[in-house]
Amino acid sequence: MFKNQSIAVTGASGGIGRAIAEMFIAQGAKVAISDLKSPSKTADEIGAVAFACDVSDDQAVRDFIDMAEAANGPIDIFVSNAGVGFGDPEHAAGASNENWELSWQVNVMSSVYAARAILPQMQERGSGRFVITASAAGLLAQVGSASYTATKHAAVGFAESLAIRHWDEGIKTHCICPQYVRTNMTKGMAMAEGHQDGLIEPSDVAEALKLAIEEDRFMVLSHPIVGEYFKNKAMNYEAYIGGMNKLKQKLGNDQLPT
Ligand SMILES: NC(=O)c1ccc[n+]([C@@H]2O[C@H](COP(=O)([O-])OP(=O)(O)OC[C@H]3O[C@@H](n4cnc5c(N)ncnc54)[C@H](O)[C@@H]3O)[C@@H](O)[C@H]2O)c1
């Protein structure tokens, strides 16, 4: 179903973005990847075209879309995958304004910029897909990172808004909400490496996305248990807060993100 489709992926020099690009290429798609610095080495390895794109810059996102379309034709699937995370030194409001602002730009506004640039033509065609790599932290929380938790909740909220507004027009949105995945983001992170639900591979996330697209499903849970946690949270918020607080105590300050 992806043969010859034009696909663009941000934040794809490695990790989940690279795995998603590889999955689409294996299905016969033409893929453009981008990252802060042009991921040309990755592109050569997997058979994509590469561009530099700082997704916190509205114009740079537009330029990436233009360049991807010049290379591969009108974009069928845009994957807004780039993300950043910062810990909270000392207390929940402890991250700097700069880190909060960057989290908002990269984890939320980058998808708004891309959607604004690409939706008009998808509306005209009556087809297209928009994928947002949010996180389980957008449904639950990342202990020790309020800026990640808040902006990933916003990313899920924006994905829901896209789906609700455009699904009937033939434009499908898919929202990926993984727990811990073995990438640069989790390297050396004790709470990820020792997590009870396991550290999955980026290719597992890509496969979960493929299945969700084939089934026209909005929510992509590469860790199905997250659906259970989310249901329990909705049913009993007090138990959720209490349980997460216990988890924080168990982890101790040493294991919280820095
Ligand atoms: N690894 C996990 O456990 C996990 C879990 C849930 C969600 N996620 C999300 O998955 C996505 C991919 O992360 P990953 O785990 O593959 O880690 P990663 O560090 O390999 O990938 C993130 C990429 O985003 C890029 N990036 C950061 N700021 C950027 C900017 N301003 N412009 C362009 N690119 C920028 C980085 O250079 C990096 O290549 C992120 O959105 C992340 O929040 C990761």
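Is phenylalanine 130 buried or exposed? Select phenylalanine 130 in your viewer and keep in mind, as you turn the picture, that this is a predicted model; the relative accessibility of phenylalanine 130 is 1%, so this residue counts as buried.

**The aromatic rings**

Stay with phenylalanine 130 and add phenylalanine 78 to the selection: the ring centres are 5.6 Å apart and the planes stand at 20 degrees, so the two rings form a stacked pair. This pair links distant parts of the chain, because phenylalanine 78 belongs to strand E4 while phenylalanine 130 belongs to strand E5 (residues 128-133), 52 residues apart. Phenylalanine 78 also has a relative accessibility of 1%, and therefore counts as buried.

Now add phenylalanine 64, and look at how its ring meets that of phenylalanine 78: the arrangement is edge-to-face, with 6.3 Å from centre to centre and 65 degrees between the planes. Since phenylalanine 64 sits in helix H3 (residues 58-72) and phenylalanine 78 in strand E4 (residues 77-80), the pair ties together parts that are 14 residues apart in sequence. Phenylalanine 64 is buried, as is phenylalanine 78. If you then select Phe51 as well, you have a cluster in which ring pairs link Phe51, Phe64, Phe78 and Phe130. In the whole structure there are 5 aromatic pairs.

**Two cysteines**

Next, select cysteine 175 and cysteine 177, and display their sulfur atoms. The closest cysteine sulfur to that of cysteine 175 is the one in cysteine 177, at 3.8 Å, which is too far for a bond, because a disulfide needs the two sulfur atoms to be within 2.5 Å. Cysteine 175 is buried, at 0% relative accessibility, and cysteine 177 is buried too, with a relative accessible area of 0%. The structure holds 0 disulfides.

**Helix H5**

Move on to helix H5 (residues 146-166), and select lysine 152, which is found there. Lysine 152 is buried yet has no salt bridge, and the nearest side chain of opposite charge, that of aspartate 35, is 13 Å away. If you set aside residues up to four places away in sequence, lysine 152 touches Asn107, Thr133, Ala134, Ser135, Ala137 and Gly138.

In helix H5 you can also select tyrosine 148, which counts as buried at 12% relative accessibility. Leaving aside neighbours within four places in sequence, tyrosine 148 is in contact with residues including Val84, Gly85, Gln142 and Met185. The C-alpha atoms of tyrosine 148 and alanine 134 are separated by 9.9 Å, and these residues are 14 apart along the chain.

**Helix H7 and what follows it**

Select residues 202-214, which make up helix H7. With 13 residues at 1.5 Å a residue, helix H7 should span 18 Å, and the end C-alpha atoms are 19 Å apart, which agrees. Among the buried residues of H7 are Val205, Leu209 and Ile213, and the buried residues of this helix pack against helix H1 (15-26), E4, E5, strand E6 (171-176) and strand E7 (219-220). Just after H7, select aspartate 216, which takes a positive phi of about 50 degrees.

Two further stops show a positive phi in a residue that is not a glycine. Glutamate 90, with a phi of about 75 degrees, lies in the loop between E4 and helix H4 (97-125), and is exposed, with a relative accessible area of 80%. Asparagine 4, with a phi of about 65 degrees, is found in the segment before strand E1 (6-9).

**Salt bridges**

To end the tour, look for charged side chains, which form 10 salt bridges. Select aspartate 58 and arginine 116, whose side chains meet in a salt bridge at 3.6 Å, N to O; this pair links distant parts of the chain, with aspartate 58 in helix H3 and arginine 116 in helix H4, 58 residues apart.

Then select arginine 182 and glutamate 201, which form a salt bridge whose closest N and O atoms are 2.8 Å apart. Arginine 182 lies in the loop between E6 and helix H6 (190-193) and glutamate 201 in the loop between H6 and H7, so the pair ties together parts that are 19 residues apart in sequence.

Finally, select glutamate 228 and lysine 231, another salt bridge, with the closest N and O atoms 3.6 Å apart. Both residues lie in helix H8 (residues 225-235), 3 residues apart, about one turn of the helix.

Note on methods: Residues are numbered from 1 along each chain as its sequence is written. This is a predicted model: local features need pLDDT of at least 70, side-chain atom pairs count only at pLDDT 80 or more; totals for chains, interfaces and linings use all residues. Side-chain values use heavy atoms; hydrogens and water are left out. Rings of Phe, Tyr and Trp (its six-membered ring) pair if their centres lie within 6.5 Å; planes under 30 degrees apart count as stacked, over 60 as edge-to-face and the rest as tilted. Helices (H or I, at least four residues) and strands (E, at least two) are DSSP runs, numbered from the N terminus. Buried means under 20% relative accessible area, exposed over 50%, partly exposed in between (1.4 Å probe, protein chains only). Lys and Arg count as positive and Asp and Glu as negative; His and the chain ends are not counted. A salt bridge is a side-chain nitrogen of Lys or Arg within 4 Å of a carboxyl oxygen of Asp or Glu. Contact means heavy atoms within 4.5 Å. The expected span of a helix is 1.5 Å times one less than its number of residues.
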